[in-house]
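Reader: I have a model open on my screen and would like to understand the words people use for its parts. Could you take me through them?

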Amino acid sequence: MNTNNTTTRKLITLPNDCDAIKEFLEDMALKGWKLRSVYRFTFYFEKIEPKKLNYSVDVFPSISFLDTNPTKETLDYIEYCKEAGWIHICTNRFMNYFVSDSFDIPPVSTSDAEKFELICSAYERLQAPFITTLLNGLLALTFAPGLIKNILIFIVLTCILFLSSLTILKMKQKKRIEMGLTIQFGTYQKLKIKQLCYWFSIAVFTILVLFIYLPLVFIDKEPFAITSVCLIGIWFISKFIINKLNLSRSSRVFYTYICFFIGVVLYAVIITMLY
């Protein structure tokens, strides 16, 4: 919600966008907006006098798509950065956000190579749901009725694109390291172009769901569609309950893995029985 003293911006970001986000935040500071917090893909700003601010956007030392809460290692790392003079704004998903009025302060990441390793680690841990979705999508394509295949093909192609882009990114940047060149993490200009691609993909997926998938669930009572919706609903409910329980990080990850595995097995068994 935007007011005279606050404003928001939405950006869909990935681990290798850290430098582009930094550029975006520093540009906002020059316009008189200072980052207050980040929640998922929404950036919240408060009004300030336009000035230069030094931001650092740092990838988690540890991350899992099943539990993106900061580990003790990450919390210790944040304290170390605070002692170096950085102000920790917030932690969101796989990113830590720091700010300082000084541009002479030591950088959070010691080298491009170190940052690249953290980005690759974050990508590798985030790719698990894409691999699972890809395998289930390929399985479902065998049984799915004609209309649903359009959605599944879109999902499968999206997963393949994400996984292949990770491989290409690692190969290109590793080659630059071997050649002794500076690693390229992307710019805000490129991030803006990627936003158009992201939102276009979301729009296409939403249209497919609203005009093809949901009518099959509520009008045609298609067993395949109903089964998929029910299992997705069970997954989100179980994840919500696990996050609400006062469990250790390892227990949250363990129980989430169990729910995820059971959901995948049930999906495969039910679809095989139906078709």
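Author: Happily! This is a predicted model, and its chain has seven helices and six strands. From the N terminus on, the elements run β-α-β-β-β-α-β-β-α-α-α-α-α.

Reader: Which strands form the open sheet with the order S1-S3-S2, and what makes two of them the edge strands?

Author: Three strands form that sheet, and the pairing is antiparallel. Strand S1 (6–10) and strand S2 (33–39) are the edge strands because each pairs on one side only. Neighbouring strands here are turned by 30 degrees against each other on average, direction ignored.

Reader: How do you know that S2 and S3 count as paired?

Author: Pairing needs at least two bridges between two strands. Six bridges join S2 to strand S3 (residues 42–47), so the pair qualifies. As an example, Trp-33 stands opposite Lys-47 in S3. Helix H1 (residues 18–30) lies across S1, S2 and S3, and runs at about 25 degrees to S3.

Reader: What is the order of the strands in the sheet that holds S4?

Author: That open sheet has three strands in the order S4-S6-S5, again with antiparallel pairing. Strand S4 (54–59) and strand S5 (87–92) are its edges. Between S4 and strand S6 (residues 95–100) there are six bridges, and Val-57 has Tyr-97 in S6 as its bridge partner. H1 packs on this sheet too, touching S4 and S6, and its direction makes about 155 degrees with that of S4. Helix H2 (residues 72–83) lies across S4, S5 and S6, at about 10 degrees to S6.

Reader: Why is Lys-31 called exposed?

Author: The word calls for a relative accessible area over 50%. Lys-31 has 51%, so it is exposed. You will find Lys-31 in the loop between H1 and S2. Leaving aside neighbours within four places in sequence, Lys-31 is in contact with Lys-47 and Pro-50. The C-alpha atoms of Lys-31 and Pro-50 are separated by 5.4 Å, although these residues are 19 apart along the chain.

Reader: What makes Arg-40 worth a look at its phi?

Author: Arg-40 has a positive phi of about 55 degrees although it is not a glycine. Its place is in the loop between S2 and S3.

Reader: Which residues have the most contacts inside the largest nonpolar core?

Author: They are Leu-25, Leu-35, Phe-43 and Tyr-97, in a core of 42 residues. Helix H3 (residues 112–143) gives the largest share, eight residues. Leu-25 touches Leu-35, Phe-43, Phe-45, Tyr-55, Val-57 and Tyr-97, not counting residues up to four places away in sequence. Another core, of 11 residues, lies apart from the largest one and includes Ile-151, Leu-208, Ile-212 and Ala-225. In soluble globular proteins, nonpolar side chains tend to be buried together.

Reader: How do you know that the span of helix H5 agrees with its number of residues?

Author: Helix H5 (residues 188–218) has 31 residues, and at 1.5 Å a residue it should span 45 Å. Its end C-alpha atoms are 42 Å apart, which agrees. H5 also has a kink of about 40 degrees, centred on Val-209. The buried residues of H5 include Tyr-188, Leu-208, Ile-212 and Val-217.

Reader: And how much of the chain counts as buried?

Author: Of its 275 residues, 41% do.

Key
Residues are numbered from 1 along each chain as its sequence is written. This is a predicted model: local features need pLDDT of at least 70, side-chain atom pairs count only at pLDDT 80 or more; totals for chains, interfaces and linings use all residues. Side-chain values use heavy atoms; hydrogens and water are left out. Helices (H or I, at least four residues) and strands (E, at least two) are DSSP runs, numbered from the N terminus. The expected span of a helix is 1.5 Å times one less than its number of residues. The bend at a residue is the angle between axes fitted to the seven residues ending there and the seven starting there. Buried means under 20% relative accessible area, exposed over 50%, partly exposed in between (1.4 Å probe, protein chains only). Axes are lines fitted to C-alpha atoms, for helices over the stretch in contact, and angles run from 0 to 180 degrees between N-to-C directions. Contact means heavy atoms within 4.5 Å. A nonpolar core is a set of buried Ala, Val, Leu, Ile, Met, Phe, Trp, Tyr and Cys residues joined through side-chain atoms within 4.5 Å.
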